[in-house]
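Please look over the chain and its ligand below. The questions that follow go through them in turn.

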Amino acid sequence: MKRLLPFAVLLLLLAPGCALVDPSPQAKVEQDVAAKLWLTNCAGCHGLNGQPSDTIARDLRNWPGSFQVLDSTLNTGPSVMPKFPEIDEASRHLLFDYIKKFH
Ligand code: HEC
């Protein structure tokens with residue numbers, strides 16, 4: 001029994017990274033993907049958490065818009081905001097969920 005102890009400890013250490021223990025590894029991955037998209041494409045104007053560093057870009061904290069508004073914003077690129085045709089629909093949904101958490 002004593003010899004099993006190191007293995008038991010090892011298992012406990014590995015457990016947090018294990019898919020069986022993590023309630024939603026998928027959600028974690030999606031959050032990472034959204035954060036990467038946001039940091040690469042949007043944070044330069046809209047800030048890390050939706051608060052822009054200047055007064056030109058829209059403040060997206062507590063943004064009331066729908067997915068349709070985000071979708072058309074990325075298609076049309078209003079004012080100085082560029083278009084983002086390369087961001088596919090699945091990624092747009094991830095970005096939408098990400099933006100909705102800014103407050
Ligand atoms: C070059 C700066 C710039 C970048 C980069 C940028 N935006 Fe914008 N964004 C703006 C500006 C400026 C507005 C306000 C446009 C207006 O009010 O006409 C805006 C508005 C918005 C709005 C509000 C639309 C509405 O009508 O309510 C959303 C949502 C948005 N941006 C999302 C994004 C996302 C997501 C990204 C990254 C994929 C992004 N923006 C990248 C400048 C930028």
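Q: Which helices each supply at least two residues of the shell around the ligand?
A: Helices are DSSP runs of H or I with at least four residues, numbered from the N terminus, while strands are E runs of at least two. This is a predicted model, in which local features need pLDDT of at least 70, side-chain atom pairs count only at pLDDT 80 or more, and totals for chains, interfaces and linings use all residues. Residues are numbered from 1 along each chain as its sequence is written. The helices asked for are α2 (25–46) and α3 (67–76).

Q: Which element gives the most to the shell around the ligand?
A: A residue is near the ligand if its C-beta atom, placed from the backbone, lies within 6 Å of it. Of the 21 residues around the ligand, those that come nearest include Cys42 and Cys45. With 5 residues, the element that gives the most is α2.

Q: How many strands does the protein have?
A: From the N terminus on, the elements run α-α-α-α. The secondary structure comes to 4 helices, and the number of strands is 0.

Q: Is His93 buried or exposed, or partly exposed?
A: His93 lies in helix α4 (residues 89–99). A residue is buried if 20 or more other C-beta atoms, placed from the backbone, lie within 10 Å of its own, exposed if 12 or fewer, and partly exposed in between. Because His93 has 15 other C-beta atoms within 10 Å, His93 is partly exposed.
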